[in-house]
Amino acid sequence: MHPHQILNAIADLPRIPLAHKNTPIEEMPRLRAAIAESMDSDITAVPPLFIKRDDTTGFAFGGNKARHMEFLFAHLIERGIDTIVNINHYDSNNARLAAAASAKTGMKYHWVAFDELDAAIQGNMLIAHLTGANIHRIPKDETRPYAESLLAHETNLGRNPTILLDNAFSNIAGMIAFLETAHELENQIYRYSETPSRHSRESGNPGAGPTTQPLSPTDPIHFWGLCGRSIAGIILYARNTGKPWTATAVAQPHYTPENYQELYLDRSTRVAELLNLDTPLHPGDISTLTGYTKIYGIPTDLGIEAMHLVAQTEAIILDPTYTAKSMSALIAEIRLGKVDPDIPVVFIHSGGQPQTFAFADQIWNHNA
Ligand SMILES: Cc1ncc(COP(=O)(O)O)c(C=O)c1O
């Protein structure tokens with residue numbers, strides 16, 4: 001189907017503008033060269049590497065979920081909801097951006113935050129506090145009854161509350177948002193090499209500018225991100241518009257290839273029905289990679305190494321619990337020869353940097 005049919009269907013959904021969209025795509029030639037050097041190989045052993053800077057969506061420190069919230073909050077407001085109860089991990093990016101979206105739309109917001117009950121107030125939790133969140137730090141196995149009691153309390157006050165994860169739409173809003181992001185990506189990636197960077201033109205420094213040959217719209221692209229709604233939205237767009245795109249999704253420990261596939265099949269079916277798409281996703285549409293993220297919310301050595309390498313070569317800051325782990329998987333798989341060097345890779349930087357400061361010690365000591 002034509003991309004505009006998808007965009008028009010999205011345009012019919014209720015929406016509240018929150019994110020800065022059309023986030024840039026950048027090439028990472030110095031990271032590519034550093035990986036090749038670490039392999040004692042020629043640059044051609046490493047695919048051309050691009051990064052979609054969705055960390056720069058701007059809204060309350062940005063990230064991909066600023067896009068998701070545009071649809072989710074409009075949907076909830078249309079249903080008369082005025083109070084959100086969000087059960088989420090203490091360092092959740094989703095919880096930060098739901099807090100920010102609540103502030104922006106005048107909703108009351110409760111975050112029932114579990115795990116690491118004594119962790120210092122930092123990162124996402126600090127920003128949620130700034131944006132007016134009511135934060136309740138509760139042991140994980142008590143979160144559901146606690147959230148139910150908040151719901152009852154708010155209802156008694158005459159409000160119309162909801163527990164966020166009980167809304168089916170909250171699972172697909174992000175996939176819808178990334179159908180649109182995929183269209184941005186299509187426009188950016190195939191035109192990227194037509195506009196060499198100012199720096200490379202002026203200085204003749206090949207290290208600072210694009211190094212790839214122009215890409216044509218029939219060229220395959222390999223997207224790399226985390227298991228979730230975003231990467232699934234990109235591939236759903238590709239399947240419906242006939243793009244030769246593939247994706248690798250790095251799994252947090254609660255995902256297996258089987259349960260992630262079940263989720264993306266179910267959610268893409270719901271999105272396809274809602275937006276009248278030609279097709280949902282099919283089994284095998286996204287490759288899932290396990291073993292790299294270890295414990296949820298705890299940085300890995302490989303992830304911190306990737307943070308240093310990407311910052312030192314490209315001055316791009318990854319977050320320690322999502323994108324650093326996804327990047328560490330990409331680097332490791334390239335070194336193992338498992339990533340086709342002839343297909344450009346677009347890494348999705350989905351944000352999350354506020355948590356960088358919560359792990360200052362591990363990041364600092366890594367290079368000590
Ligand atoms: C920074 C970041 N990246 C990626 C994800 C993966 O999920 P999704 O694509 O559904 O946002 C998350 C989920 O919490 C996240 O916080």
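Let me start with E148, which in this predicted model has its place in helix α6, the helix that runs over residues 143–156. Is E148 buried or exposed? There are 12 C-beta neighbours inside 10 Å of E148, and because a residue with 12 or fewer is called exposed, E148 counts as exposed. If you would like a sense of distance from here, take A177, which is 29 residues away from E148 along the chain, and note that the C-alpha atoms of the two are separated by 29 Å.

A177 brings us to helix α7, since A177 is one of the residues of α7 that α3 meets. Two packed helices are described by the angle between their axes and the distance between the axes. For helix α3, residues 65–78, and helix α7, residues 173–189, the axes come within 8 Å and cross at roughly 125 degrees. That angle makes α3 oblique to α7, and the crossing in which α3 passes α7 is right-handed. Which residues meet there? On the side of α3 they are K65, R67, H68, E70, F71, L72 and H75, while α7 brings A173, G174, I176, A177 and T181. Sorted by character, the residues of this contact of α3 with α7 divide into five nonpolar, four polar and three charged.

Next, please look at the loop between β4, residues 108–114, and α5, residues 123–130, where we find D115. Most residues other than glycine have a negative phi. D115, however, is not a glycine and still has a positive phi of about 70 degrees. E116, which lies in the loop between β4 and α5 as well, is also not a glycine, and its phi is positive too, at about 45 degrees. How exposed are these two residues? D115 has 17 C-beta neighbours inside 10 Å and therefore counts as partly exposed, and E116, with 14 other C-beta atoms within 10 Å, is partly exposed.

Finally, let us turn to the ligand, which has 15 residues around it, and ask which of them come nearest. They are N93, G228, S230, S350 and G352. When we ask which elements give two or more residues to the shell around the ligand, we arrive at α4, residues 93–105, and α9, residues 229–241. As for the character of that shell, its residues divide into two nonpolar, ten polar and three charged.

To draw the parts together, we have seen an exposed E148 in α6, an oblique pair of helices in α3 and α7, two residues with positive phi, D115 and E116, and a ligand with 15 residues around it.

Key. Residues numbered from 1 in each chain as written. Predicted model: local features only at pLDDT ≥ 70, side-chain atom pairs only at ≥ 80, totals over all residues. Near = placed C-beta within 6 Å. Helix = DSSP H or I, 4+ residues; strand = E, 2+ residues; numbered from the N terminus. Nonpolar A, V, L, I, M, F, W, Y, C, P; charged D, E, K, R; others polar. Buried ≥ 20, exposed ≤ 12 C-beta atoms within 10 Å, placed from the backbone. Axes fitted to C-alpha atoms, helices over the stretch in contact; angles between N-to-C directions. Parallel < 35°, antiparallel > 145°, perpendicular 65-115°, else oblique. Left-handed = near helix turned anticlockwise from the far one by under 90°. Contact = placed C-beta atoms within 7 Å.
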